[in-house]
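Open the model in your viewer and keep the selection tool ready. The stops below say what to select next and what is there.

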Amino acid sequence: MARKVGSGRLDTVTAAVEVLEGRSTRRGPARILPFLGPAFVASVAYIDPGNFATNIQGGAEFGYLLLWVILASNLTAMLVQALSAKLGIATGRNLAELCRDQFSRPVVWAMWVISELVAMATDLAEFLGAALGFYLLLRIPLMPAALLTGIVTLAILALERRGFRAIEAVITAFVGVVALCYVIETVLDRPDWLSVARHAVVPGFAGTESVLLAAGILGATVMPHAVFLHSALTQRRIVPRDGAQARRIFRFEVIDVVIAMGLAGLVNGAMLIMAASTFYARGLTEIASIEEAYRTLTPLLGRASSVVFAISLLASGLSSSTVGTMAGQVIMQGFLHRQIPIWLRRVVTMAPAIVVIAMGLDPTRTLVISQVILSFGLPFALVPLVLFTSRRDLMGGLVNGTGTTVLTGALVALIIALNLFLLYRIAAGG
């Protein structure tokens with residue numbers, strides 16, 4: 001078995017090196033295949049159950065109004081994940097490790113605590129989503145569904161022992177399932193495409209609740225733990241021999257990011273479009289939970305639509321919960337140079353979701369609030385990312401251009417400003 005595992009990983013690395021050195025017999029898209037994978041793993045964070053909660057509420061309550069937020073968030077995600085991948089390629093270290101090396105100990109400890117809290121909020125959304133998927137499909141109580149989720153995600157995490165290709169293949173398959181489900185949903189709900197096109201590019205809000213949901217969509221789309229994880233996925237996957245190879249690897253990784261994040265963006269858009277064209281268009285603006293959406297889809301679009309919805313939720317929850325646990329390991333290892341057994345991390349991060357279920361709290365509202373928490377945690381990942389990728393002593397030939405640094409810095413400032421505005425409006429009660 002060990003030989004098979006090693007040979008599988010070696011085959012991918014060998015094929016990549018042959019492409020880099022011009023010795024490959026691969027032609028066309030086949031040349032890209034050895035480099036694809038990291039962005040697909042990271043992209044799972046962008047189509048997790050938190051997206052279901054925020055997009056369904058946003059579409060049901062405001063129609064297509066917030067589609068532009070999804071488009072803007074997805075373009076931001078592409079830029080951010082490309083920078084994270086570039087950091088790992090150029091330095092051979094991940095973002096958390098560089099924070100530990102570059103910042104003072106008190107700052108490192110504070111960042112670790114914040115990152116762990118954000119990771120817990122992330123896992124809460126993902127774990128609850130998978131449990132809801134089992135609950136809706138199998139008609140079992142939420143508590144057994146949560147325990148089943150823990151068992152299945154542990155089984156998926158065990159694939160890491162077989163090498164990075166095995167886990168990448170499983171996660172990519174889950175992404176494909178979610179995408180296929182939303183192709184079916186979009187065909188069934190027959191949206192108003194002219195309105196879709198207009199609201200995708202014309203910004204607008206409709207009160208504090210729409211700002212809250214916009215911040216939730218942003219938090220659910222640009223994910224702090226995915227920023228940390230992506231740099232770890234590329235740091236030792238294919239090691240460049242010189243600056244020229246590093247630049248070629250990064251170009252292939254940009255393709256990986258565009259394909260994976262583009263697919264995730266389409267899925268996010270389809271979620272909101274489904275809610276807008278199915279619920280909002282029929283005056284059902286009070287659809288406030290994933291369970292209500294599931295139950296309401298059957299009389300509106302037929303039994304098949306609700307089953308497809310539940311399958312997509314389950315695939316999203318299982319894959320994103322797995323990736324969230326991987327990210328938690330990266331965060332602890334990077335900031336503290338310590339690790340705990342992955343099964344223990346899985347058990348510990350299950351705890352908040354189990355508490356939410358045991359207390360009978362509304363899972364969907366909990367998911368939305370968790371995404372707002374993620375939005376507030378974003379600057380603690382994005383500010384160091386911009387700082388490090390703009391330093392030539394760290395990045396060498398892959399250092400950011402001035403335009404990239406200015407653009408990314410402006411986006412980070414906008415995210416911080418949105419969060420401060422949201423906090424002010426909530427505190428003011430309006």
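Select glutamine 339. Glutamine 339 is exposed because its relative accessible area is 55%, and the cut-off for exposed is over 50%. Its place is in the loop between H14 and H15. Keep in mind that this is a predicted model.

Now add glutamine 329 to the selection. Which distance separates glutamine 339 and glutamine 329 in space, C-alpha to C-alpha? It is 6.5 Å, for two residues that are 10 residues apart in sequence.

**Helix H15 and the nonpolar patch**

Go to helix H15, residues 342-359. Pick leucine 344, which sits in this helix. Is leucine 344 buried or exposed? Neither: with 31% relative accessibility, leucine 344 is partly exposed, since that class runs between the 20% and 50% limits.

Extend the selection to Leu154, Trp343, Val347 and Val348. Together with Leu344, these residues form a nonpolar patch on the surface. The five share about 420 Å² of accessible area. Helix H15 contributes four residues, the largest share of the patch.

**The largest pocket**

Next, select Glu160, Phe164, Ala232, Leu233 and Met326. These lie nearest the centre of the largest pocket. The pocket holds about 610 Å³ of space, and its lining counts 22 residues.

Colour the helices that give two or more residues to this lining: H2 (38-43), H8 (164-189), H11 (224-235) and H14 (303-336). Then colour the lining by class. You should get 10 nonpolar, six polar and six charged residues.

**The second largest pocket**

Move to Gly265, Leu266, Val267, Gly269 and Ala270. Of the 19 lining residues of the second largest pocket, these are the closest to its centre. Its volume is about 380 Å³.

Which helix gives the most to this lining? Select H12 (243-278); H12 supplies eight residues. Helices H4 (67-91), H8 and H9 (193-201) each supply at least two as well. H8 is worth keeping on screen: it gives residues to the lining of the largest pocket and also to that of the second largest pocket.

Colour this lining by class too. Here there are 14 nonpolar and five polar residues, and no charged ones. For the largest pocket, by contrast, six charged residues belong to the lining.

How values were computed. Residues numbered from 1 in each chain as written. Predicted model: local features only at pLDDT ≥ 70, side-chain atom pairs only at ≥ 80, totals over all residues. Heavy atoms only, no water. 1 Å grid on protein atoms, 1.4 Å probe; cavity = no way out; pocket = protein on both sides within 12 Å on 5 of 7 lines; lining within 4 Å. Points joined across faces, edges and corners; volume = space filled by probe spheres on them. Nonpolar A, V, L, I, M, F, W, Y, C, P; charged D, E, K, R; others polar. Patch = residues over 30% accessible without salt bridge, like charges linked within 9 Å, V, L, I, M, F, W, Y side chains within 5 Å. Areas by Shrake-Rupley, 256 points an atom, 1.4 Å probe, with all protein chains shown as cover. Salt bridge = Lys/Arg side-chain N within 4 Å of Asp/Glu carboxyl O. Buried < 20%, exposed > 50% of the residue type's maximum accessible area, 1.4 Å probe, protein only.
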